[in-house]
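User: I should like to understand how the terms used for a protein model are justified. Please take me through some examples.

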Amino acid sequence: MPAPEETLPESTPDSTPESTSDRADRTVLDARDISRALTRISHELLERNKGATDLVLLGLHTRGVPLARRIAEKIAAVEGAPVAVGELDVTMYRDDLRSQPTRRAHKTALPPTGIDKKVVVLVDDVLFSGRTIRAALDALADLGRPSAVRLAVLVDRGHRELPIRADHVGKNLPSALAERVSVRLSEVDGVDEVTIS
């Protein structure tokens with residue numbers, strides 16, 4: 001799930017979604033746009049890595065996980081071999097635990113091959129302040145020693161608070177701090193879209 005600094009609180013499977021009549025949403029990416037963006041990211045990853053050898057995709061909970069799986073499927077379709085995919089929960093590594101409501105922890109699941117000496121690509125839906133990615137880097141340090149760590153995000157909305165930059169971006173989306181960027185994916189929300197309100 002995107003961290004609060006990346007989007008305002010959003011609906012989860014066990015909460016009541018905000019009524020669309022309560023806000024004015026503008027769709028900036030639809031299902032086809034998201035698919036194209038992930039295809040582009042997949043090809044960029046393959047080109048930069050010179051293939052899928054030693055590549056591990058780690059999706060950040062919640063929406064980074066299905067994005068990582070989709071990218072892995074696209075890479076496998078090109079390479080003809082599966083790509084290692086895992087899940088990373090950064091809840092306990094966040095620097096805002098005391099100031100935020102209690103968060104539900106998710107599981108961290110590394111591929112059987114682990115991450116040591118691998119090229120690890122962190123996959124998330126929205127890059128905003130950079131604090132979630134900083135937490136992910138701290139979590140990785142406790143899990144192993146990759147040969148390189150890269151970052152792929154569906155949306156980069158700017159407003160960085162830390163010196164963190166994505167290596168692969170589906171869409172740069174300049175936004176005001178007061179605006180809300182929401183990523184919805186069919187695996188979690190039943191629809192593929194990115195909206196700004």
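User: Why is Lys118 called buried?

Analyst: This is a predicted model, in which local features need pLDDT of at least 70 and side-chain atom pairs count only at pLDDT 80 or more, while totals for chains, interfaces and linings use all residues. Residues are numbered from 1 along each chain as its sequence is written, and side-chain values use heavy atoms, with hydrogens and water left out. Lys118 has a relative accessible area of 16%. Buried means under 20%, exposed over 50% and partly exposed in between (1.4 Å probe, protein chains only), so Lys118 is buried.

User: What makes Asp54 and Lys118 a salt bridge?

Analyst: A salt bridge requires a side-chain nitrogen of Lys or Arg within 4 Å of a carboxyl oxygen of Asp or Glu. The closest N and O atoms of Asp54 and Lys118 are 3.3 Å apart, so the pair forms a salt bridge. Asp54 is partly exposed, because its relative accessible area is 39%.

User: How do you know that Arg70 and Glu187 form a salt bridge?

Analyst: Their closest N and O atoms are 2.6 Å apart, so the rule is met. The pair ties together parts that are 117 residues apart in sequence, because Arg70 lies in helix 2 and Glu187 in helix 4 (residues 186–189). Helices here are DSSP runs of H or I with at least four residues, numbered from the N terminus.

User: Is Arg70 buried or exposed?

Analyst: Arg70 has a relative accessible area of 14%, so Arg70 is buried. Glu187, at 45%, therefore counts as partly exposed.

Methods. Helices (H or I, at least four residues) and strands (E, at least two) are DSSP runs, numbered from the N terminus.
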